[in-house]
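Here's a quick tour for someone meeting this structure for the first time. Have a look at the ligand and what surrounds it.

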Amino acid sequence: MSARTLIGKTALVTGSTSGIGLGIAKALAQQGANIILNGFGNAQGPQAEVSALGVKVAYHGADMSKASDIEAMMKFAADTFGGVDILVNNAGIQHVASVEDFPTERWDAIIAINLSSAFHTTRLALPYMKKANWGRVINVASVHGLVGSAQKSAYVAAKHGIVGLTKVTALENATTGVTCNAICPGWVLTPLVQKQVDAKAAALGISNDEAIKLLLGEKEPSMQFTTPEELGELAVFFCSNAAQNVRGVAWNMDGGWAAQ
Ligand code: NAD
């Protein structure tokens, strides 16, 4: 086994009790980083999975729609591990409706969780990273940070917003050892996407497999899902020394979606 490259670092991954966040947390733990998990639902299973990789794991249940919860989580990170070296802004939700039918409460929740939470974690993490002259901020955006899709106004607006935040954070720290980049996945078969598969299967009266084929066929030329493990490896690359001058990119891993 090659040497673990992130020993001694602490990574906070928001929304990491499930899906992509858990995949990224595990990839960073495989490189030796201590992990702070966050998210709703059962945290014990994810904690055990990460802990089995031989690193320290902590959990904080901050609701990422609330600035005060985020402040408490960042204080918890400082008290537990000294600070956050690697910040992965991943927590996110989806809602599908046309603009005129979009519930305003869903709009506000999506902007808060998918965009504003990253502003709060980043502003609170940067002082420690700058003092250490090393840090990695990785924003899990989406291919919807680069292109639009009908029925997803709040999500597309938030994801374009986080790509913008990524660029500004990268620029403001460009002469330091702190980098900021975004990951832009296409379809990844997590609970967030399974809900959309279920909705399609129910609306069209088709099977789960048929709905998946339709979903991929509409947007993703490779006809394959990207996996949380693959996204985890991209996050590990952004944390590597080789990526020290990769700054402000929005890197899609989308099976060719945005190339069309
Ligand atoms: P998921 O539903 O599997 O996981 C979402 C995570 O966020 C969970 O841990 C959940 O508990 C947490 N979360 C939700 N609301 C929260 C809140 N208010 N406070 C704290 N945690 C909260 O979804 P996923 O597909 O793994 O999505 C993760 C990220 O990846 C999201 O930002 C999503 O937009 C993005 N993304 C997903 C896909 C995809 O195809 N699945 C594609 C592109 C981008």
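What follows is about the ligand and its surroundings.

Keep in mind that this is a predicted model. Start with where the ligand is: it sits in the largest pocket. Three elements each give two or more residues to the shell around the ligand, namely helix H1 (19-30), helix H5 (153-172) and helix H6 (191-204). Of these, H6 gives the most, with three residues.

So who's in the neighbourhood? There are 30 residues around the ligand, and the ones that come nearest are Ser18, Asn90, Tyr155, Val188 and Thr190. Sorted by type, the shell holds 16 nonpolar, 12 polar and two charged residues. Both domains chip in: domain 1 (10-188 + 227-259) and domain 2 (189-225) each supply at least three residues of the shell.

Now for some polar contacts, each one to an oxygen atom of the ligand.

| Residue | Polar atom in the residue | Distance to a ligand oxygen atom |
|---|---|---|
| Ser18 | side chain | 2.7 Å |
| Ile20 | backbone | 2.8 Å |
| Gly186 | backbone | 3.3 Å |

How much of the ligand does the protein bury? Taken alone, the ligand exposes 830 Å², and the protein buries 93% of that.

Technical notes:
Residues numbered from 1 in each chain as written. Predicted model: local features only at pLDDT ≥ 70, side-chain atom pairs only at ≥ 80, totals over all residues. Heavy atoms only, no water. Near = heavy atom within 4 Å. Polar contact = N/O pair within 3.5 Å; in protein donor to acceptor, adjacent residues only side chain to side chain. Areas by Shrake-Rupley, 256 points an atom, 1.4 Å probe, with all protein chains shown as cover. 1 Å grid on protein atoms, 1.4 Å probe; cavity = no way out; pocket = protein on both sides within 12 Å on 5 of 7 lines; lining within 4 Å. Sits in = over half its atoms within 2 Å of the grid points. Helix = DSSP H or I, 4+ residues; strand = E, 2+ residues; numbered from the N terminus. Nonpolar A, V, L, I, M, F, W, Y, C, P; charged D, E, K, R; others polar. Domains from an automatic or database assignment.
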